[in-house]
Amino acid sequence: MIYLMGDIHGDYKRFQKMLRKIKFSNDDKLYILGDIIDRGIENLEMLKYCMNSSNIALIKGNHEYFMQLYLEDSNLSTSNWSKWGGQNTIDELKNISTEEKEMFLNYLRSLPYYIEIDEFDIKYTLTHTGYDADVEPIINEDGKVEIKQTIEKSIKNSEFNYLVSSDIHYIPAGIKFDRYLIVGHHPTIKYGENKIMKNKRYMNIDCGNGFREDGGKLSCICLDTKQEWYI
């Protein structure tokens with residue numbers, strides 16, 4: 001079975017509870033659509049679990065990118081990352097060795113921005129945000145956006161802008177994609193929902209686990225059966 005989760009935000013205990021709830025086994029595959037860290041209290045535990053699990057694939061989200069920039073001593077200030085929910089992760093990083101930091105950095109650098117799944121009748125593209133409207137899309141002959149090339153163009157233009165974009169939720173209805181997108185990043189509770197939202201172009205599986213004080217939940221969906229779980 002193929003399972004999807006997103007935006008766990010350092011909530012390792014509920015993540016493990018969800019794995020038990022879906023009866024996740026070595027024969028299954030789990031794709032996580034980014035943002036497994038920040039806001040929660042077990043951020044490095046989440047990272048280590050994903051790193052060491054051969055049947056779990058993590059896609060880079062903006063919070064993984066923030067941590068990467070921090071470890072690279074790049075242009076992301078500590079105060080900005082803290083403001084965006086990273087303070088607990090920053091505190092955890094202060095207590096680990098240089099070797100461990102390098103291990104995490106190499107892992108974060110290696111994360112993909114999207115993964116394509118072609119096992120089903122519907123061709124899926126899994127990614128964190130989906131679309132950056134400030135970048136001119138690549139259009140196929142049938143008038144649909146060629147989503148793989150468009151994502152790659154967006155990343156080349158600005159990795160930061162792509163990973164923080166919420167544009168997919170506001171683009172005109174006339175824009176069509178050549179594949180069905182599954183995204184996270186923008187909590188469905190901002191639309192008054194605490195469940196997975198679906199339409200003809202994309203599915204949003206971020207149900208606001210990083211904002212549980214506002215009614216958010218951790219969600220999971222099985223692509224084989226379309227069954228959904230919430231904690």
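This is a short talk on the pocket, the buried polar residues and the salt bridges of one predicted model.

Some ground rules. The model is predicted, so local features need pLDDT of at least 70, side-chain atom pairs count only at pLDDT 80 or more, and totals for chains, interfaces and linings use all residues. Residues are numbered from 1 along each chain as its sequence is written, and side-chain values use heavy atoms, with hydrogens and water left out.

Let me start with the largest pocket. It holds about 210 Å³ of space. By pocket I mean an open set of points on a 1 Å grid over the protein atoms alone, where a 1.4 Å probe fits, with protein on both sides within 12 Å along at least five of seven lines. The volume is the space filled by probe spheres set on the points, and points are joined across faces, edges and corners.

Who lines this pocket? There are 17 lining residues, and a lining residue has an atom within 4 Å of a point. Closest to the centre are R39, N62, H63, H185 and K190. Two elements give two or more residues each: α3 (62–71) and α7 (159–164). Of the elements, α3 gives the most, with three residues. Helices here are DSSP runs of H or I with at least four residues, strands are runs of E with at least two, and both are numbered from the N terminus.

What is the chemistry of the lining? Six residues are nonpolar, six polar and five charged. Nonpolar covers Ala, Val, Leu, Ile, Met, Phe, Trp, Tyr, Cys and Pro; charged covers Asp, Glu, Lys and Arg; the others, Gly among them, are polar.

Stay with N62 for a moment. Its side chain makes a polar contact with the side chain of H128, at 2.8 Å. A polar contact is a pair of N or O atoms within 3.5 Å; within protein, one must be able to donate a hydrogen and the other to accept it, and residues adjacent in sequence count only if both atoms are side-chain atoms. H128 sits in the loop between β5 (124–127) and α6 (147–157). Is H128 buried or exposed? It is buried, at 0% relative accessible area. The cut-offs: buried is under 20%, exposed is over 50%, partly exposed is in between, with a 1.4 Å probe and protein chains only. A polar atom of the H128 side chain also lies 2.7 Å from the backbone oxygen of L33.

Next to L33 in my notes comes the loop between β2 (29–32) and α2 (43–51). G34 is in that loop. Its relative accessible area is 0%, so G34 is buried. From G34 to L76 is 42 residues in sequence and 19 Å in space, C-alpha to C-alpha. D35 is in this loop too. D35 has a positive phi of about 60°, although it is not a glycine. It counts as buried, at 2% relative accessibility.

K23 is another non-glycine with a positive phi, near 60°. It lies in the loop between α1 (12–21) and β2. K23 is exposed, at 68%.

Now a buried acid. D206 is in the loop between β8 (202–204) and β9 (219–222). Which side chain of opposite charge is nearest to D206? R39, 7.1 Å away; D206 is buried yet has no salt bridge. Charge here means Lys and Arg positive, Asp and Glu negative, with His and the chain ends not counted. A salt bridge needs a side-chain nitrogen of Lys or Arg within 4 Å of a carboxyl oxygen of Asp or Glu. What D206 does have is a side-chain polar atom 2.9 Å from the backbone nitrogen of G208.

How many salt bridges does the structure hold? Eight. R14 pairs with D11 at 2.9 Å, N to O. R14 is partly exposed at 32%, while D11 is buried at 13%. E42 pairs with K13, with the closest N and O atoms 3.3 Å apart. E42 is in the loop between β2 and α2 and K13 is in helix α1, so the pair ties together parts 29 residues apart in sequence. K13 is exposed, at 56%.

K94 bridges to D91, closest N and O atoms 3.7 Å apart. K94 is exposed at 56%; D91 is partly exposed at 32%. Finally, E116, D118 and R179 are joined into one network by salt bridges that share partners.
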